[in-house]
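Hi,

Here is the structure we talked about. Please open it next to this email; my notes follow below.

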Amino acid sequence: MQPLCIYLLAWKVFIMKETINNMKHLSLVFSLLLLLLSQQILANIKGVEGNKKPNIIFFIADDMTRNMFNCLEEGKGKNLTPNIDFLAEHGTIMMQQQVSATVCTPSRFNVLTGKYASRAENPSFLKQSRKNNNQRVVEWNTHILPGEQNLVNALQSSGYYTGAVGKNHVFEVEKYKKIPLSADASDIKVMKQQLLNYKNTIEAYHQCGFDYADGIFYENPDFNGPMDLAVHNLDWSTEAALKFLDDTNEKPFFLYFATTIPHGPQKAYRAWNADRTITPIGVLDEAPSCLPHKSTIPTRLKEAGVKVIDPKANLLWMDDALGALIQKLKDIGEFENTIIYFFNDHGQYAKGTIYQGSVNNPSIIWKKDGFGVGNNCETLVSNVDFMPTILEQAGVNPKKYEYDGHSFAKVLEGKKEVSRKSHYFEIGYSRGVRMGDYKYIAVRYPQWVKDIDDEERQVILDDYNKILAGRGKSPNNLDPKAGFGHVQIVPGGGDAEYPATQRYKHYSDANQLYNLKDDPQEQNNLFDDPEYSEMAEKMQAELQKHISNIPGGFGELKKK
């Protein structure tokens, strides 16, 4: 406002030099001052608008594999994903993005709280911990409670309009009543409960900081209610997202778009080629028309020379949703002021473990004109880092909040590195730490697990395989003496982690040490090698430092 001060000073001088009786001159000068003042106010408003906080879209995919990314060597040229490709080409690929906990719920907890999932305080999680002698077992059980600090309510309190669509699986819905797949969707009582579940889910989102929530799946389709409604409907969620973007009222906005794909079910009739009037809250009168018609998906794949198979079709469907968001941003004039994050919840090769095949999971971040660090960034970052990074980008002081992450906003701008001595990982009954080229993994089961006899093992396995059969799946394992999983106490491991039990030959070892530079596939356990005894001791001590500051015990490494 410095020019205004000059005008006021001039006015004072004028008053001193002219007689008050000359009302004509007084009126003229007063009008001039009003004009100058209004121009200055308009200039200030434009200045504020010119420095408007960036909008942020956090787009999270579910269970993508590395060969689904054209920007990675494993998938180069194998997919039709023009919109993901655009973000990767013009943004920054975080090649060393790490995931602290590697199934969908805790990974989302990491993203949205900036904290390790062992810090969850929801009642069911704490109850399970008590059963395990206070050892916190991180799996599909770490939920964000209403009122708890998280990324969304931090942005909301800073003036952002906040919205969410798609898969939940992380926010606690206290009154949710599980409805089995076998339930009849034509039963009025079943649908009444289904609608009540949805209402309670939306209310939970509001209580956790979202101004807007719609197009929500409580979980994956197979766990969301009756089989008749257990299909993916990305069109429905995308339509809700576009409505949110239409309703922002010129405020900066944050949109959390969580897809349910490419996670199963992947079959066409329950995914990309399903009836798009079917939703978790019943059948719509008319299918949404916000995305290209499903009949175009095979045609476009063929024209691009990509195989017409369900995984590829689902991937193109998801890319269409991303494309619809980008086009809407352009339509409302917000594309150039939006930062877009594309994150896959965890690596799929070793899901449910803390091997590199699951914790190493590249992400993509885009903004207009790119970031100073360039197209590829090799800095090790974690998904607990997203919250402080986004807060800093939004002009919110990250120091106002508590989290385990470190902002990498300045890393993106090419100005500095994240100062972190080591990376911490946790899932189920395992914990791990990476420091430089070395990775240490510890697996510890509580006494009740060690006491399970052969007869009980058989019962556990039979019961689990019945659950798989109910979901239309064949057993993974029939041997009751097979080792338990890192996440689930099932011989041979649960369905999600079973592939890793076959891919890592030291899966059942209590202590594992790997040199990632020489052994990136983690096949050579060095823990008991005398040559590496000093490194083994150092890495175990580093893990103990991490778990000493995190709730819960962990075998002899942390008595509590």
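**Aromatic pairs**

Across the whole structure, a search finds 30 aromatic pairs. Bear in mind that this is a predicted model.

Start with Phe59 and Phe257. Their rings are stacked, 4.8 Å centre to centre, with 15 degrees between the planes. The pair links distant parts of the chain. Phe59 is in strand 1 (residues 55-62) and Phe257 is in strand 6 (residues 253-262), 198 residues apart. Are these two rings buried or exposed? Phe59 has a relative accessible area of 0%, so Phe59 is buried. Phe257 is also at 0% relative accessibility and counts as buried.

Now take Tyr429 and Tyr445. The ring centres are 5.4 Å apart and the planes stand at 45 degrees, so this pair is tilted. Tyr429 sits in the loop between strand 13 and strand 14. Tyr445 sits in the loop between strand 15 and helix 14 (447-450). The pair therefore ties together parts that are 16 residues apart in sequence. Tyr429 has 3% relative accessibility; the cut-off for buried is under 20%, so Tyr429 counts as buried. Tyr445, at 22%, counts as partly exposed.

There is also an aromatic cluster. Its members are Phe58, Tyr256, Tyr341, Phe343, Phe386 and Phe408.

**Charges over rings**

Two cases to look at. Lys131 lies over the face of Trp448, at 4.4 Å from the ring centre. Arg503 places its charged end over the ring of Tyr349, 4.2 Å from the centre.

**Nonpolar cores**

In soluble globular proteins, nonpolar side chains tend to be buried together. Here, the largest nonpolar core has 67 residues. Which of them touch the most other members? They are Phe58, Phe254 and Tyr256. Two of these names, Phe58 and Tyr256, also appear in the aromatic cluster.

Tyr256 deserves a click. Leaving aside neighbours within four places in sequence, Tyr256 is in contact with Phe58, Ile60, Arg108, Leu112, Gly163, Ala164, Val165, Lys167 and Phe210. Another core lies apart from the largest one. This other core has 48 residues, including Leu255, Val306, Leu329 and Ile340.

**Helix 4**

Two of the contacts of Tyr256, Arg108 and Leu112, belong to helix 4. This helix spans residues 104-113 and is mostly covered. How many of its ten residues are buried? Ten of the ten are. The buried residues include polar and charged names such as Thr105, Ser107, Arg108 and Asn110. After helix 4 comes Gly114, with a positive phi near 70 degrees.

**The four-stranded sheet**

Four strands make an open sheet, ordered 13-14-15-16, with antiparallel pairing. Which strands are at the edges? Strand 13 (423-427) and strand 16 (511-515) are, and each pairs on one side only. From one strand to the next, the twist averages 15 degrees.

Inside the sheet, strand 14 (residues 430-435) pairs with strand 15 (residues 438-443) over six bridges, in the antiparallel sense. For example, Arg434 has Lys439 in strand 15 as its bridge partner. Helix 17 (residues 533-548) lies across strand 13, strand 14, strand 15 and strand 16. Helix 17 runs at about 115 degrees to strand 14.

Best wishes

Conventions
Residues are numbered from 1 along each chain as its sequence is written. This is a predicted model: local features need pLDDT of at least 70, side-chain atom pairs count only at pLDDT 80 or more; totals for chains, interfaces and linings use all residues. Side-chain values use heavy atoms; hydrogens and water are left out. Buried means under 20% relative accessible area, exposed over 50%, partly exposed in between (1.4 Å probe, protein chains only). Two strands pair if DSSP finds at least two bridges between them. Axes are lines fitted to C-alpha atoms, for helices over the stretch in contact, and angles run from 0 to 180 degrees between N-to-C directions. Contact means heavy atoms within 4.5 Å. Rings of Phe, Tyr and Trp (its six-membered ring) pair if their centres lie within 6.5 Å; planes under 30 degrees apart count as stacked, over 60 as edge-to-face and the rest as tilted. A charge sits over a ring if NZ of Lys or CZ of Arg is within 6 Å of the ring centre and within 35 degrees of the ring normal. A nonpolar core is a set of buried Ala, Val, Leu, Ile, Met, Phe, Trp, Tyr and Cys residues joined through side-chain atoms within 4.5 Å.
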